[in-house]
Amino acid sequence: AGLVLMCLNGVLIAALNTWSQQSLMQFTIPSWTAIVILVFSMIVPAAPRKMLFAALAAASMDSLACWIANLRGLQTPSAGLVLIAAIPNFACALIATLPARLLQGVGHRLREARDLGSYQLIERLGEGGMGEVWRAEHRLLARKAAIKLVRPEVLGATNDAAARLVLRRFEREAQATAALSSPHTINLYDFGITDEGTFYYVMELLEGRDLATLVKEFGPVASDRAIFLLRQVCHSLADAHVRGLVHRDIKPANIYLCRMGLEYDFVKVLDFGLVKDRGADQQLTMTAANTTTDTPAYMAPEIILGESDIDCRADVYSLGCVAYYLLTGQLVFEADTAIKMMLQHVQAAPVAPSLRSELEISPELDDLVLACLEKDPNKRPQNAEELFRRACQCKSLDPWDQDKARGWWERHLPELTGPL
């Protein structure tokens, strides 16, 4: 389209140059077509050969228009003068291949930069504090994937030595995540580091909603559905906890609700990028001093207080905050600053979810959520497996099953319920 527009500009300029006898008297002055050719060569991304052909076509328009003016009976310059006047146009047409070649090289390098390993970046899906998430595709398998690019400074890499340390930690965490076998944990396909020092994860691509978006879009969920989802999250975390891993960043945005085959309301726990291996070397697993990547609204008191022995009970607290948000559509503690919110997590007693929701919540579920939100880690369920057992014991007012889940998706997300 850009090349066609350049040629049309050449036609228009040539018509203006030869429209009348007066304009023909100034024909020997270098034409504006030369400038048009140079400008378009620098802004239109085209192959050098295509640019050359289009530029030659535009450059020849003045000579062609002069010939047409002669046929119209106007007095035109001699053929020699017409040829001399066209020299700048044709010279610029040859020069136009240089910017085109430069733009083509830049585009090639950009395409290379968009390739990570065997995957090609297709479309950016989102951006957050940790980095960007892209839709990608494997070149050979045509398998769709999601790639998360993580900026090294977010992980505490402020210099080369810190970057090497973070890279070692990143590799250990990626390998630990890949070893998790729960179907409710996001599948990790690959990981690595780009030439620019950006870390990346290659994960399965999910279709659905994260819990934060779900609540914002459709409001709080019923208690029976909340229990159904909570059990699946516990299944994923229990697998991590039994291996000595702590997620450390459980929040609604990191819990994804999707359709998986014939199953609806299938939960996937995302972003094990902050996972902490309690059996690994402390230097390799701790976040950099004076920095934190946890989300204040879902942060356990012991993390806020900077205690060194953070274990799976911190995930239990965060999951209690997530369940609270699911049931009420509100955070456990509301505050206008992160510091005030963290202080409330350390000091204030939470209000029972049933007192902040119009939906009916069973006393057993109320008690379970409040047990997860205990300030003292010893008073909480000690790991996700214990929380899973207690969640299974909660009496549901109207048990949630696959038929209800499918009905909900067909009503609210029909675009995701078609044939596989």
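**Figure 1. A cavity of about 40 Å³, the second largest in this predicted model.** The second largest cavity is lined by Leu-211, Leu-229, Leu-230, Val-233, Ile-255, Leu-319, Val-322, Ala-323 and Leu-326. Two elements, α10 and α13 (312-328), each give two or more residues to this lining. Helix α13 gives the most, with four residues. By class, the lining has nine nonpolar residues, no polar residues and no charged residues. The search that found this cavity covered the whole structure and returned five cavities of 30 Å³ or more.

**Figure 2. Helix α10 against helix α13.** The two axes come within 11 Å. They cross at roughly 160°. Angles over 145 degrees count as roughly antiparallel, so α10 is roughly antiparallel to α13. The crossing is right-handed. From α10, the contact takes in Ser-223, Ala-226, Leu-229, Leu-230, Val-233, Cys-234, Leu-237 and His-241. From α13 come Cys-312, Asp-315, Leu-319, Ala-323, Leu-326 and Leu-327. These residues divide into 11 nonpolar, two polar and one charged. Leu-229, Leu-230 and Val-233 of α10 belong to this contact and also line the second largest cavity. On the α13 side, Leu-319, Ala-323 and Leu-326 take part in the contact and also appear in the cavity lining.

**Figure 3. Helix α10 (residues 223-242) against helix α16 (residues 384-393).** Here the axes come within 8 Å and cross at roughly 155°. That angle makes α10 roughly antiparallel to α16. The crossing of α10 past α16 is left-handed, whereas that of α10 and α13 is right-handed. Helix α10 contributes Ile-227, Leu-230, Arg-231, Cys-234, His-235, Leu-237, Ala-238 and His-241. Helix α16 contributes Ala-384, Glu-385, Leu-387, Phe-388, Ala-391 and Cys-392. By class, the contact has 10 nonpolar, two polar and two charged residues. Leu-230, Cys-234, Leu-237 and His-241 of α10 meet α16 and are also listed in the contact with α13. Among them, Leu-230 also lines the second largest cavity.

**Figure 4. Helix α4 (residues 48-59) packed on helix α6 (residues 79-95).** The axes lie 8 Å apart. The packing angle is about 170°. That makes α4 roughly antiparallel to α6. On the α4 side, the contact residues are Leu-52, Ala-55, Leu-56 and Ala-59. They meet Asn-89, Phe-90, Ala-93 and Leu-94 of α6. The residues of this contact divide into seven nonpolar, one polar and no charged.

Key. Residues numbered from 1 in each chain as written. Predicted model: local features only at pLDDT ≥ 70, side-chain atom pairs only at ≥ 80, totals over all residues. Heavy atoms only, no water. Axes fitted to C-alpha atoms, helices over the stretch in contact; angles between N-to-C directions. Parallel < 35°, antiparallel > 145°, perpendicular 65-115°, else oblique. Left-handed = near helix turned anticlockwise from the far one by under 90°. Contact = heavy atoms within 4.5 Å. Nonpolar A, V, L, I, M, F, W, Y, C, P; charged D, E, K, R; others polar. 1 Å grid on protein atoms, 1.4 Å probe; cavity = no way out; pocket = protein on both sides within 12 Å on 5 of 7 lines; lining within 4 Å. Points joined across faces, edges and corners; volume = space filled by probe spheres on them.
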